[in-house]
Amino acid sequence: MAASDRYGARHRRVRAVALPEAYGTPCVRCGRPMLPGQRLDLDHVDGAGPGDYRGFAHAHCNRSAGASRGNRQRARKGQMMASTAAWLGIDTSNDRTSTAVVVARWGRSVTGAERLVTQMHRFAGPAPLAQVLDLYGDGGLEVAVDGVGHMQSFCDVLRGQGVRVLPLTAQDRAAATACLKDALNDRAVAVPRDPALAKAVQHAQERDLVGGSTLDKRRSPVDVAPLVALELAVWAAVRDRDAAYDPLDSVL
C-alpha cells in the first residue's frame with residue numbers, strides 16, 4: 001500500500017477537522033492525556049486500510065510503534081537496529097535564543113556490534129516544554145541537563161512533569177567531555193549531520209577543571225549548545241550501560 005494512500009489529501013482533511021477535539025482526550029496508544037502544544041497523529045489501525053483509524057495518538061507513541069515494526073524488518077535484512085530506550089541531552093544558548101536537544105539510542109547490528117545512534121533537534125528560544133515532553137515520551141529514560149547555571153529552573157519544570165532528570169555537576173561535565181571524545185575515537189557513536197553542531201565542533205573552547213576539562217560556553221565564539229547537548233546525551237547513555245542496564249533488551 002502506497003504511503004500516499006494513507007496520508008494523502010483525504011487523511012489531512014479528516015485530521016484537520018478532528019484535531020481540535022482530540023486535545024484533553026487519552027492517547028489511543030499510551031492512554032495518557034494529549035495536551036495542547038504536543039504533536040498528535042491520527043493513528044491508523046495497524047495493517048488496515050487507509051480509512052481505518054484507531055483515533056488520535058501522541059506522535060511519539062504512534063511513531064515508536066512504527067519504529068518497533070521497522071526494527072523487526074531491519075533485523076530480517078541484517079541492518080542496524082535502534083533501541084526504543086532513549087537518553088536526552090538538552091542545552092540552551094547563552095543568549096537563550098536557541099535550544100538543542102540530542103536523543104541517543106543504542107544500536108546493534110546482527111553481528112552484535114554496538115553503536116550509539118544520535119538525533120539532533122533544534123528549537124528557537126528557550127527550552128520548549130511540550131516538544132521536550134514529546135521526545136522524552138518516545139522511550140525516554142533520562143534527560144541530562146547541566147545542573148549549574150540557567151538550566152536549573154528547567155530541571156524543576158521537567159521534574160514537575162514526572163521526567164527523570166539527571167543534573168550534571170562541573171565534574172560530571174568534565175566526564176561527559178571525555179566520554180564523547182572516547183566514543184568518537186572508538187567510532188562508537190554516530191554523530192548527526194547538523195551545520196550548527198559542525199560549527200560548534202570547529203570553534204569550541206575548553207576550560208580546565210579538577211580532573212579534566214569541559215566546554216567553555218562563555219569563551220567559545222559560537223553557540224556550542226548543540227555540542228553540549230550531544231555530550232550530555234552520550235554520557236547518560238554510556239553511564240547507564242556501564243551501570244549494567246542493557247538498553248538493547250528493548251531493541252525488538
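1. Two strands are taken to pair if DSSP finds at least two bridges between them. On that basis, strands E4 and E7 of this predicted model pair in the parallel sense over five bridges. Within this pairing, Gly89 has Ala144 as its bridge partner in E7.

2. Strand E7 also pairs with E8, again in the parallel sense, over four bridges. Ala144 takes part here as well, with Leu166 as its bridge partner in E8. Ala144 therefore links the two pairings, because its bridge partners include Gly89 and Leu166. As for its surroundings, E7 is largely enclosed by the rest of the structure, because six of its seven residues are buried.

3. Helix H5 belongs to the same region: E7, H5 and E8 make a right-handed β-α-β unit. The buried residues of H5, which spans residues 152–160, are Phe154, Cys155 and Leu158. These residues lie on the same side of the helix, because they cover an arc of only 105° around the axis. Their cover includes strand E4 (86–92), helix H4 (129–137), strand E7 (140–146) and strand E8 (165–168). Just after the helix, Gly162 adopts a positive phi of about 80°.

4. A further set of pairings involves strand E6, residues 114–124. Strand E5 (residues 98–108) runs antiparallel to E6 and is joined to it by eleven bridges; Ala100, for instance, has Arg122 as its bridge partner in E6. Strand E9 (residues 189–190) runs parallel to E6, and two bridges join them. In that pairing, the bridge partner of Leu116 in E9 is Val189.

5. Thr92 is placed in strand E4. How accessible is Thr92, buried or exposed? With a relative accessible area of 2%, Thr92 counts as buried, because the cut-off for burial is under 20%. Leaving aside neighbours within four places in sequence, Thr92 is in contact with Ser98, Thr99, Pro126, Ala127, His150, Met151, Lys217 and Ala225. The C-alpha atoms of Thr92 and Phe123 are separated by 9.3 Å, although these residues are 31 residues apart along the chain.

6. Thr214, in strand E11 (residues 212–215), is likewise buried, with a relative accessible area of 0%. Residues up to four places away in sequence not being counted, Thr214 touches Arg173, Ala174, Thr177, Gln205, Glu206, Arg207, Leu209 and Glu231.

7. On the cysteines, a search of the whole structure finds zero disulfides. A disulfide is a covalent bond between the sulfur atoms of two cysteines. Cys30 counts as partly exposed, at 31% relative accessibility. Cys155 counts as buried, at 3% relative accessibility, and is one of the buried residues of H5.

8. Regarding confidence, the protein averages a pLDDT of 81, and 82% of the residues score at least 70. Over residues 71–80, however, the pLDDT is below 50; this stretch has 20 contacts in the model beyond near neighbours in sequence. Residues 244–252 also stay under 50 in pLDDT, and the model has 25 contacts for them beyond four places in sequence.

How values were computed: Residues are numbered from 1 along each chain as its sequence is written. This is a predicted model: local features need pLDDT of at least 70, side-chain atom pairs count only at pLDDT 80 or more; totals for chains, interfaces and linings use all residues. Side-chain values use heavy atoms; hydrogens and water are left out. Buried means under 20% relative accessible area, exposed over 50%, partly exposed in between (1.4 Å probe, protein chains only). The arc is that of the directions from the helix axis to the C-beta atoms. Contact means heavy atoms within 4.5 Å. A disulfide is a pair of cysteine sulfur atoms within 2.5 Å. pLDDT is the predictor's confidence in each residue, from 0 to 100. A crossover is right-handed if, with the strands pointing away from the viewer, the path from the first strand over the helix to the second runs clockwise.
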